[in-house]
Amino acid sequence: MNFNSLEFLVFLPAVFALHWLLPHRFRWALLLLASWLFYFRWDLRAGLLLAGITLVSWLCGRGVARSRSRWGRRALLALALVLCLGCLGLFKYAGVFASLAGLERPLRLILPAGISFYTFQALAYVIDVYRGGAEEGHFGYYALFVSFFPQLVAGPIERPGRLLPQLRGERKLTPAGLSAGGWLLLEGYFKKVVVADSLAPFVDGVFAAPGEALGPEVVLATILFGLQIYCDFSGYSDIARGAAKLLGVELTENFRRPYGAPTVREFWRRWHVSLTGWFTDYVYIPLGGNRKGLPRQVFNLLAVFLLSGLWHGAGWTFAAWGLIHGLYRAAGAVWEHQRPHAPQRRGAWGRARTFLLVSFPWLFFRAPSMGDALTLLSRLAEGWGGLLPVLGRALPLALPLVCLPLVERLHEGRGERDWYAGALTVFCAVTAVGAAWLAHLAGGGNNAFIYFQF
């Protein structure tokens with residue numbers, strides 16, 4: 001079930017109404033049933049896999065919490081790692097491994113929606129229990145933690161210590177929560193339906209025919225894809241947070257205006273915050289972080305960003321995207337080590353430089369193959385005499401981009417300083433979302449969120 005479907009427009013209000021009508025002790029069951037219904041609608045086999053990973057990770061967590069043997073705890077943790085990561089590897093990377101092995105008919109398995117997200121969430125629980133965190137003895141609450149429908153398919157990746165207490169605790173419907181949830185839903189739908197889906201045709205057209213692209217088209221499509229994926233993914237996260245707020249649950253803020261970051265390091269503190277935090281806590285720090293000297297820190301940064309790239313997909317393009325960001329961060333670490341007291345440029349130049357640096361790797365991320373990416377790079381010197389026609393084609397896309405900062409500030413309460421301006425902004429945003437949604441439906445359906453494929 002997609003957030004941008006008519007089905008979800010019926011599903012969410014129904015869950016909202018039933019949730020607040022039921023006594024607290026029954027709400028977990030309703031939300032679990034709703035979450036499984038939400039997910040099983042995609043594919044029954046994918047739903048069974050979700051249920052299996054949920055059960056196995058819960059049993060491993062219980063075993064780790066109760067085992068008095070150090071080796072027994074380690075064995076159960078290893079079992080959880082092997083099973084969860086094994087399922088992730090099988091469904092996400094089996095075809096690539098089969099091709100590399102030279103098999104004539106590579107494995108073709110369905111890619112269950114959200115498997116990269118909920119496996120990491122389940123692993124975080126088992127690892128936290130192994131480290132001394134609290135065990136969740138109630139399978140129903142744990143299953144809800146793994147499959148809570150607002151964040152099930154594309155995050156944010158929640159930690160058990162943050163989400164489980166909220167699911168267990170008694171929640172109250174408040175005007176503030178209702179208002180905040182509504183603002184986030186509006187902001188998320190505006191980002192997705194009005195901005196991201198409007199940018200998609202231009203971007204898709206350039207990347208679908210790399211050999212015919214002109215240099216200005218390659219540059220503009222790469223920059224616009226960076227904006228598209230931000231609006232698409234942060235739009236999903238806003239809708240997830242808004243839906244959860246309507247149910248009294250606070251999810252992690254996954255994006256904090258990353259394109260306003262003055263450095264690449266700061267960009268990664270604002271972009272996909274929950275994934276960055278997961279890799280930091282469960283990969284980077286266990287590898288040694290920055291505690292074992294500069295060479296080891298550089299290796300750790302490169303390893304983490306390579307894994308982050310491969311987490312997105314099994315392909316050289318994703319590996320290149322991750323390694324480029326790893327090189328950025330490694331270069332930053334070397335600079336900070338050599339010039340620890342050097343001032344950082346945090347003005348407009350610093351933000352522009354960072355924006356250009358992080359925009360370049362999006363070319364590899366979006367390209368269908370490494371060959372296509374290299375072709376696009378080879379086309380950069382072509383066709384700059386036709387810059388004005390290219391800008392003319394992209395000019396209509398400027399309007400939703402200009403309106404985006406106004407809509408992003410809605411849930412911060414800035415519109416309350418001027419009630420008329422705030423109401424006008426809301427009216428325009430709702431109208432734009434409705435018109436864009438109807439246009440997409442008339443065109444043959446809804447555009448899926450980009451991160452559904454990861």
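**Figure 1. Phe279 and its surroundings in helix α11 of the predicted model.** In this predicted model, Phe279 has a relative accessibility of 5% and is therefore counted as buried, since a residue is called buried when its relative accessible area is under 20%. The residue belongs to helix α11, which covers residues 273-287. When residues up to four places away in sequence are not counted, Phe279 touches Phe120, Tyr284, Val304, Leu307, Ser308 and Trp311. The view also takes in Phe305, which lies 26 residues from Phe279 along the chain, with 8.9 Å between the two C-alpha atoms.

**Figure 2. Ser308, a contact of Phe279, seen in its own helix.** Ser308 is part of helix α12, made up of residues 294-312. Is Ser308 buried or exposed? Its relative accessibility is 5%, and Ser308 therefore counts as buried. With neighbours within four places in sequence left aside, the contacts of Ser308 are Leu275, Phe279 and Trp321. Phe279, the subject of the previous figure, is thus met again here from the side of Ser308.

**Figure 3. Leu88 in helix α4.** Helix α4 runs through residues 70-100, and Leu88 is one of the residues found in it. Leu88 has a relative accessible area of 6% and is buried, because this value falls under the limit of 20%. Which residues does Leu88 contact, leaving aside neighbours within four places in sequence? They are Tyr93, Ile115, Ser116, Thr119 and Phe120. Phe120 also appears in the list of residues touched by Phe279. Tyr118 stands 30 residues from Leu88 along the chain, and the C-alpha atoms of these two residues are separated by 10.0 Å.

**Figure 4. The crossing of helices α2 and α3.** Two packed helices are described by the angle between their axes and the distance between the axes. For helix α2 (residues 24-40) and helix α3 (residues 44-66), the axes come within 8 Å and cross at roughly 135°. The two helices are therefore oblique to each other, because an angle of this kind falls outside the ranges for roughly parallel (under 35 degrees), roughly perpendicular (65 to 115) and roughly antiparallel (over 145). The contact brings Trp36, Tyr39 and Phe40 of α2 together with Leu44, Ala46, Gly47, Leu48 and Leu50 of α3. Sorted by type, the residues of this contact are seven nonpolar, one polar and no charged.

**Figure 5. Helix α2 and its buried residues.** Helix α2 contains 17 residues, and the distance from its first C-alpha to its last is 25 Å, close to the 24 Å expected at 1.5 Å a residue. Its buried residues are Arg27, Leu30, Leu31, Leu32, Ala34, Ser35, Phe38 and Tyr39. An α-helix has 3.6 residues a turn, so residues three or four places apart point the same way. Against which helices do the buried residues of α2 pack? They pack against α1 (6-21), α3, α5 (115-130) and α6 (139-147).

**Figure 6. Helix α8 and its bend at Ala196.** Helix α8 consists of 34 residues, numbered 175-208, which at 1.5 Å a residue should span 50 Å. The C-alpha atoms at its ends are 47 Å apart, and this agrees with the expected span. Where along its course does α8 bend? The bend is at Ala196 and amounts to about 35°.

**Figure 7. Two residues with positive phi, Arg257 and His272.** Arg257 is a residue other than glycine, yet its phi is positive, near 50°. Its place is in the loop between α9 (215-246) and α10 (264-270), and at 29% relative accessibility Arg257 counts as partly exposed. His272, which is likewise not a glycine, has a positive phi of about 45°. This histidine, His272, sits in the loop between α10 and α11, and with a relative accessible area of 1% His272 is buried.

**Figure 8. Pro405 and Arg257, brought together from separate parts of the sequence.** Pro405 is found in helix α18, residues 398-408, and at 33% relative accessibility Pro405 counts as partly exposed. In sequence, Pro405 and Arg257 are 148 residues apart, while in space their C-alpha atoms are 9.8 Å apart. For the chain as a whole, 76% of the contacts between residues at least 6 apart in sequence join residues at least 24 apart. The chain has 19 helices and zero strands, and 50% of its 454 residues count as buried.

Note on methods:
Residues numbered from 1 in each chain as written. Predicted model: local features only at pLDDT ≥ 70, side-chain atom pairs only at ≥ 80, totals over all residues. Heavy atoms only, no water. Helix = DSSP H or I, 4+ residues; strand = E, 2+ residues; numbered from the N terminus. Expected span 1.5 Å × (residues − 1). Bend = angle between axes of the 7 residues up to and from the residue. Axes fitted to C-alpha atoms, helices over the stretch in contact; angles between N-to-C directions. Contact = heavy atoms within 4.5 Å. Nonpolar A, V, L, I, M, F, W, Y, C, P; charged D, E, K, R; others polar. Buried < 20%, exposed > 50% of the residue type's maximum accessible area, 1.4 Å probe, protein only.
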